[in-house]
There are 2 protein chains.
Amino acid sequence: MLERARDLIHFKRFVTSEFVPSLLYTFKWLVLAIFIGLLVGTASAFFLFGLEWATHFREAHMYMIALLPVGGFMIGWVYYTYGESVVKGNNQLLEEFYNPLTPIPLRMAPLVVFGTIATHLFGGSAGREGTAVQMGGAIADRFTKWFKLGALDRKAVITLGVAAGFASVFGTPLAGAVFALEWLIVGRVRYEAILPAFLGAYVADYACADYWHAHHTPYDIPFIPDLTLVNVLWIIPAGICFGLAARLFSKATQFFGEAFRSTVKYPPLRPVIGGAMVAAVVFLIGTTKYIGLGVPTIVEAFETPLPWYDFLAKTGFTSLTLGAGFKGGEVTPLFYIGATLGNMLSGAIPLPMALLAGMGFVAVFSGATNTPLSCTLMGIELFGAESGVYVGLACVVAYLFSGHSGIYGSQVIGSPKHVSLDRNKGKRLGKL
Amino acid sequence: MLERARDLIHFKRFVTSEFVPSLLYTFKWLVLAIFIGLLVGTASAFFLFGLEWATHFREAHMYMIALLPVGGFMIGWVYYTYGESVVKGNNQLLEEFYNPLTPIPLRMAPLVVFGTIATHLFGGSAGREGTAVQMGGAIADRFTKWFKLGALDRKAVITLGVAAGFASVFGTPLAGAVFALEWLIVGRVRYEAILPAFLGAYVADYACADYWHAHHTPYDIPFIPDLTLVNVLWIIPAGICFGLAARLFSKATQFFGEAFRSTVKYPPLRPVIGGAMVAAVVFLIGTTKYIGLGVPTIVEAFETPLPWYDFLAKTGFTSLTLGAGFKGGEVTPLFYIGATLGNMLSGAIPLPMALLAGMGFVAVFSGATNTPLSCTLMGIELFGAESGVYVGLACVVAYLFSGHSGIYGSQVIGSPKHVSLDRNKGKRLGKL
């Protein structure tokens, strides 16, 4: 019996083959997470400062919007001349992950930061998570060479970079860590890089928020009703609407992208035309509420009834802006679409407006990126643990109802969302 | 271009092949979740009432502990005579999931409830999650037949039952839902049953807590320090200790189980001998703090310094109790071990005692069941969103350092925890 006990514990073998390797592994990733996290978090902070400056400057100088086609040409020309190797953005990171071919070019980081700030300076409608993720991935992949990392470690280092970028730009470390594990394959999570993701997300968030004091907008849901059966049943139709809105957004972005690619052959011209269209509509309707990040409207959606069509207008503006080749990302517009749609739904669904806005905020994002757990954690980090079941169930239903669509065309389907869609397993969303 | 737009939206095909099937799917699982959730939640409530009664009765009549061998014989004999088909408990659910052979016998539910209440009535040291999960799985699997569900749906229905049981016994719906998705394979999560799991977990928690007013103990971490880099670095050694404690517990339970099986041939005799040993030690050391669920000590661990050896004593008592064939589960003892170990570590690690107790509470559980995301969510549900990074990183580090061990011997390794352990991929934990 004693022998069996010794056998079970295998103390020596445990120490040499599990404990010490795990310690070394933890130490290695701690060092990498500190280096990469501080770099990415710092980059995020300056990116956020730049965005704030660009937004204020544009709001103070409305004529900037008339120059959107000029800004578009700048972005288009710079990417056409220097950025051919990085133009696929987030999808490029996904493709490198599935099928590692070439290091992520470092230029991805400065180009996307420049492109995003220019987009916002001239009044395009876009977000910032693409920028964060691409900055994170490109910076992190430097360490593959410097630390002579193998293929498996390279995947972990890119995951760490993505987690770091996402966490620091939104100020949500847990959501960032889980996002980097969850966005890789639709319907699956794998834990190979779970420690690097958590460490990188935290360090980058620390660097951005606590060291550089970059500001994250607080959102408030003042009252969260009891989780009665009836209240929970109301989450389902709300979640369905959020999922359909996510699908509409993904399809619209894909449509404008393909329309510009097929009709305008010279790439730098695409954002010129798209920019002229966006600027024309802004002057026609006489409001700037649908351009830029749209944070003020997101905050309003938690507080006061808004026009019902806000989410549609934002979908149109953003998919046109991004489809034409402007830079930034989709997530903050998705927050906007979700929060305003939730705001609108509070006319029909007997849940508090702020709660519906908060549910939409994360659930449309969940449907469009196929990352329900990360979005649930983001909801908890932004709105508190009491909102947990509301945001969690809304994210899951939206994930289900966005179907096999999403803003990352290269995302591979691991677990089909519905048994009738089994034929799509292993395919890329963009190829369906 | 318009044609392409129509192509992209595929409105009709979308409605018939995605939207309507998703609606029907949601409706089907909503109905199943309401039925199963109400049943499982009600069963959990009465199980919790029974446990409370048994604990109070034992505390009021200390002589019950002397009768532990008698109680042990009762449990052993009943399982030997009527329970051969359900004696593998949680592992049986896992094995049915990997390799569906026979319906989970309904008797699993009453037998495990009887066994657990008897274990606690006579003063064994055990938990309740095994009971919850087995009740949930056994009740849910009835619906496979009643609703004529196919093989895939059966997996989802068992997942729903497990989520319902776990969520309602601990009062943590999000942790319950994610646990049911996460416990199946070490290092992997799959979303096939994500909607059934979330719906079932919520409904069962509602039935248990809001309808039947079963009581869940509140735990309080009054002060959570800022997430400075130094504070976060201290999470790592704490997480390592929690992971090693989880490993020790898993190995000790496995050891006692094998020792009793190999030395005592007549199964009903095993809990008699084990019960006599436990009772003898209780009278020898003159305290009942290591038997039963141990909730008062868990609460104390958040409030006041405790003896350093509490976690070891609880590990010994519980692994002996369960290894001898008593029933209940491991999770509440794991909470106890983690909280008291965290309490002890607060002597060496400069973080607040209550925070370390809370981190240990979920992290030892994470290491022993290999479910870091579920445990992170449980920490957030119990202690609030502010504790998120502390509990999250502690759960991840503990998950890593428990190595390829765990309390569910049938759990299959999907993603090895360390590249040097790649040879273990696809194997069961209990077969290493």
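# Helices and contacts between chains A and B

Student: Is the crossing of helix 2 of chain B and helix 9 of chain B right-handed or left-handed?
Tutor: That crossing is right-handed. Keep in mind that this is a predicted model.

Student: Ok. At what angle do the axes of those two cross, helix 2 of chain B and helix 9 of chain B?
Tutor: At roughly 40°, and the axes come within 7 Å. Helix 9 of chain B covers residues 194-211. Because angles from 35 to 65 degrees fall outside the parallel and perpendicular ranges, helix 2 of chain B counts as oblique to helix 9 of chain B.

Student: And by class, which residues does the contact of helix 2 of chain B with helix 9 of chain B have?
Tutor: There are 15 nonpolar and six polar residues, and no charged ones.

Student: Switching to pairs across chains. How do helix 10 of chain A and helix 2 of chain B pack?
Tutor: Their axes are 12 Å apart, at an angle of about 160°. Helix 10 of chain A spans residues 229-263, and helix 2 of chain B spans residues 11-60. An angle over 145 degrees counts as roughly antiparallel, so that is the word for helix 10 of chain A and helix 2 of chain B.

Student: Which residues make the contact there?
Tutor: From helix 10 of chain A, A:Leu233, A:Ile236, A:Ile240, A:Leu244 and A:Arg247. From helix 2 of chain B, B:Phe14, B:Glu18, B:Phe19, B:Leu23, B:Thr26 and B:Leu30. By class, the contact of these two helices has eight nonpolar, one polar and two charged residues.

Student: Now the whole contact. How many residues does it take from chain B and from chain A?
Tutor: 73 residues from chain B and 73 residues from chain A.

Student: What area do chain B and chain A bury between them?
Tutor: About 6800 Å², with 76% of it on carbon and sulfur atoms.

Student: How many salt bridges are there between chain B and chain A?
Tutor: Two. In a salt bridge between chains, the side chain of A:Glu18 meets that of B:Arg247, at 3.3 Å from N to O.

Student: And over all chains, what does the count of salt bridges come to?
Tutor: 18 salt bridges. There is also one between A:Lys28 and A:Asp153, where the closest N and O atoms are 2.6 Å apart.

Student: Which parts of the chain does that pair link?
Tutor: Distant ones: A:Lys28 is in helix 2 (residues 11-60) of chain A, while A:Asp153 is in helix 7 (residues 151-170) of chain A. The two residues are 125 residues apart.

Notes:
Residues numbered from 1 in each chain as written. Chains lettered and ligands numbered in written order. Predicted model: local features only at pLDDT ≥ 70, side-chain atom pairs only at ≥ 80, totals over all residues. Heavy atoms only, no water. Axes fitted to C-alpha atoms, helices over the stretch in contact; angles between N-to-C directions. Helix = DSSP H or I, 4+ residues; strand = E, 2+ residues; numbered from the N terminus. Parallel < 35°, antiparallel > 145°, perpendicular 65-115°, else oblique. Contact = heavy atoms within 4.5 Å. Nonpolar A, V, L, I, M, F, W, Y, C, P; charged D, E, K, R; others polar. Buried area = accessible area lost by both parts, 1.4 Å probe. Salt bridge = Lys/Arg side-chain N within 4 Å of Asp/Glu carboxyl O. Left-handed = near helix turned anticlockwise from the far one by under 90°.
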